[in-house]
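Trainee: I would like to take a close look at a single part of this model and follow it slowly, one step after another. Please choose a part and take me through it with the reasoning spelled out.

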Amino acid sequence: MTAANGYAPHRTLPLKVEIVRQFKRRRTLVMFGLLMALPWILVVAFQFGPQAGGDRPATLRMSDLASASGLNFAAFVLSVSVSFLLVVAVALFCGDTVASEASWSSLRYLLAAPVPRDRLLRQKLIVALGYSATAIVCLPLMALLAGTLAFGWHDIQVPGTGETIAALDVLPRFGIVIGYALVSQLVVAALAFLISTVTDSPLGAVGGAVGLWIVSTILQAVEALGTLREFLPTFWNTAWLDALAPDLDWSGMLKGASVSVTYAAILIAVAFRRFRTKDVVS
């Protein structure tokens, strides 16, 4: 059986087409709108909320230092978002991508175009990861802008001890923080993408990934598991705080990154393997 004249598998479903299709989705615009608005909402909360009086506690929390500088505020916003809001955003972008096609009954028509199955998954995964990465990068950058305008550009104070680190010295470290946040969310992206190839329900794919992430968060609090907790993807979720310590410590972030990348590689491989032989009727 010969291919039709002019048919080139590597030209089907171009990335720019998928990028535009996903950008026009209402959930994309709503999610980015929420992420961009959150730092400003928190600025208003800090500006007009009741101010704590008296001396600061000996052990300073991230929230106690949020209004100390723009950098402190950006770190605070990331700390309150990385465990849930960013998880939901990444799960939405990666879990909705294939399942939504199935729910619209358009998946079989895409494959009949014909778009090779591996290429279909690869193009959708690249675009989903791209939007996820954009979301993760935009949130702390917007928080840094909002925090700097509201609280000024000052040296950062370290949570716990209140030690001060020069702002210009922290900027490269803040890049490390964002980079680690990107890597740590790969597990969520891969898990949501795998579930998206299994179900015809976008909500089920997104909810399933978020639900399993919550289960992992609960399990990491069970001290009886001992060192087994270190193999949970959520255990190293806050290892990025080591980048803001007076002495930069890479150990936790390296362990967390290795766990995240390993899980993500396995989950994505399973998604591709399963979809190659899946009977697509949607």
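Mentor: Let us begin where I176, Y180, V183 and S184 of helix 7 meet G252, M253, G256, A257, S260 and V261 of helix 10, keeping in mind throughout that this is a predicted model. Sorted by class, the residues of this contact are 6 nonpolar and 4 polar, with no charged ones. Helix 7, which covers residues 167-184, packs against helix 10 with the two axes 9 Å apart and at an angle of about 30 degrees. Because angles under 35 degrees count as roughly parallel, helix 7 is described as roughly parallel to helix 10.

Helix 10 also has helix 8 beside it, for the axes of helix 8 and helix 10 come within 8 Å and cross at roughly 15 degrees, and these two helices are therefore roughly parallel to each other as well. The crossing of helix 8 past helix 10 is left-handed. On the helix 8 side the contact is made by L186, V187, A190, L191, F193, L194, T197 and V198, while helix 10 contributes residues including S260, V261, Y263, A264, L267 and R274. By class this contact holds 16 nonpolar residues, 2 polar ones and 1 charged one.

Helix 8 has a further partner in helix 9, where the axes lie 8 Å apart and the packing angle is about 140 degrees. Since only angles over 145 degrees count as roughly antiparallel, helix 8 is called oblique to helix 9. Here the crossing is right-handed. V187, V188, L191, A192, I195 and S196 on helix 8 meet G204, A205, G208, A209, L212 and W213 on helix 9, a contact made up of 9 nonpolar and 3 polar residues and no charged ones.

With these contacts in mind, we can turn to the second largest pocket, which has a volume of about 190 Å³. The residues that line this pocket are V187, V188, L191, A209, L212, W213, V215, S216, L232, P233, Y263 and L267. Helix 8 (186-198), helix 9 (202-220) and helix 10 (251-276) are the elements that give two or more residues to the lining, and the largest share, 5 residues, comes from helix 9. In class terms the lining has 11 nonpolar residues and 1 polar residue, with no charged ones.

It helps to trace a few residues back. V187 and L191 line the pocket, and both also take part in the contact of helix 8 with helix 9 and in the contact of helix 8 with helix 10. Y263 and L267, likewise in the lining, belong to the helix 10 side of its contact with helix 8.

Notes. Residues numbered from 1 in each chain as written. Predicted model: local features only at pLDDT ≥ 70, side-chain atom pairs only at ≥ 80, totals over all residues. Heavy atoms only, no water. 1 Å grid on protein atoms, 1.4 Å probe; cavity = no way out; pocket = protein on both sides within 12 Å on 5 of 7 lines; lining within 4 Å. Points joined across faces, edges and corners; volume = space filled by probe spheres on them. Helix = DSSP H or I, 4+ residues; strand = E, 2+ residues; numbered from the N terminus. Nonpolar A, V, L, I, M, F, W, Y, C, P; charged D, E, K, R; others polar. Axes fitted to C-alpha atoms, helices over the stretch in contact; angles between N-to-C directions. Parallel < 35°, antiparallel > 145°, perpendicular 65-115°, else oblique. Left-handed = near helix turned anticlockwise from the far one by under 90°. Contact = heavy atoms within 4.5 Å.
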